[in-house]
Amino acid sequence: MSDWRADTLDRMRKLIREADPDVVEDVKWRKPSNPAGVPVWEHAGLICTGETYKDYVKLTFAKGAQLDDPAGLFNAGVGGNNRRAIDIRQGDDIDADAFKELIREAVRHNVAMKR
């Protein structure tokens, strides 16, 4: 994939690293229909995954329902009990500072749950 979705995922990857320099990125769930797998970011547990679809990039936060999201970045899965996601379509502009704070909130939540 070398289009706007790859650029979007790269931008979000950069913001995740800026928000948490200790984040670990891995790739999971490789399969014949998705040989590249799914990027996963972790710190004291799963923070989020990044998936690409035809019309959008989806960042799914494992414990999104437990996170404060004052900027209202979550726009998918908002009715669920656990996960929340951000769907980014071509041309969407994500507030970088708000996104980085959401990453930090997810890390704080993970660390607190480990105690």
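## Glu 105 and Lys 100 in helix H2

In this predicted model, Glu 105 is found in helix H2, the element that spans residues 96-114. Although glutamate is one of the residues counted here as negative, Glu 105 has a relative accessible area of 17%, and because the limit for a buried residue is set at under 20%, Glu 105 counts as buried. Once residues up to four places away in sequence are set aside, Glu 105 touches Leu 67 and Asp 68.

Lys 100 also belongs to helix H2, and with a relative accessible area of 15% it too is buried. Its contacts beyond the residues up to four places away in sequence are with Leu 15, Glu 18 and Ala 19. These three partners fall within the range of helix H1, which runs over residues 4-19, and Lys 100 itself sits in helix H2.

## Overall architecture

The protein has two helices and five strands, and from the N terminus on the order of these elements is α-β-β-β-β-β-α. Along the principal axes, the C-alpha trace spans about 40 × 30 × 30 Å. The radius of gyration is 13 Å, which agrees with the value near 13 Å that a compact globule of 115 residues would have.

Of the 115 residues, 43% count as buried. Among the contacts with a separation of 6 or more, residues 24 or more positions apart account for 48%.

## Surface and charge

The protein exposes about 6,700 Å², and carbon and sulfur atoms supply 46% of that area. The side chains include 19 positive and 20 negative ones, and the centres of the two sets lie 5 Å apart.

## The nonpolar core

The largest nonpolar core has 25 residues, and those with the most contacts inside it are Ile 47, Leu 59, Phe 61, Ile 86, Phe 99 and Ile 103. Two or more residues of this core come from each of helix H1 (4-19), strand E3 (46-52), strand E4 (56-61), strand E5 (84-89) and helix H2 (96-114).

Leu 59 gives a view of this core from one of its residues with the most contacts. When its neighbours within four places in sequence are left aside, Leu 59 is in contact with Leu 9, Met 12, Trp 41, Thr 49, Gly 50, Arg 84, Ala 85, Ile 86, Ile 88 and Phe 99. Two of these partners, Ile 86 and Phe 99, are themselves named among the core residues with the most contacts.

## Loops on either side of strand E1

Pro 21 is found in the loop between H1 and E1, and at 69% relative accessibility this proline counts as exposed. Pro 21 and His 43 are 22 residues apart in sequence, and their C-alpha atoms are 9.9 Å apart in space.

The loop between E1 and E2 holds Trp 29, which has a positive phi of about 60 degrees although it is not a glycine. Pro 32 is placed in the loop between strand E1 (24-28) and strand E2 (38-42) as well, and at 83% relative accessibility Pro 32 counts as exposed. The C-alpha atoms of Pro 32 and Tyr 56, which are 24 residues apart along the chain, are separated by 21 Å.

## Loops after strands E2 and E4

Ala 44 lies in the loop between E2 and E3. This alanine has a positive phi of about 60 degrees although it is not a glycine, and at 31% relative accessibility Ala 44 counts as partly exposed.

Asn 82 has its place in the loop between E4 and E5, and at 30% relative accessibility this asparagine counts as partly exposed. With neighbours within four places in sequence left aside, Asn 82 is in contact with Phe 61, Ala 62, Lys 63, Gly 64, Ala 65 and Gln 66; of these partners, Phe 61 is also one of the core residues with the most contacts. The C-alpha atoms of Asn 82 and Ala 96 are separated by 24 Å, with the two residues 14 apart along the chain.

Technical notes:
Residues numbered from 1 in each chain as written. Predicted model: local features only at pLDDT ≥ 70, side-chain atom pairs only at ≥ 80, totals over all residues. Heavy atoms only, no water. Helix = DSSP H or I, 4+ residues; strand = E, 2+ residues; numbered from the N terminus. Rg over C-alpha atoms; globule rule 2.2 N^0.38 Å. Buried < 20%, exposed > 50% of the residue type's maximum accessible area, 1.4 Å probe, protein only. Contact = heavy atoms within 4.5 Å. Areas by Shrake-Rupley, 256 points an atom, 1.4 Å probe, with all protein chains shown as cover. Charge placed at Lys NZ, Arg CZ, Asp CG, Glu CD. Core = buried A, V, L, I, M, F, W, Y, C linked by side-chain atoms within 4.5 Å.
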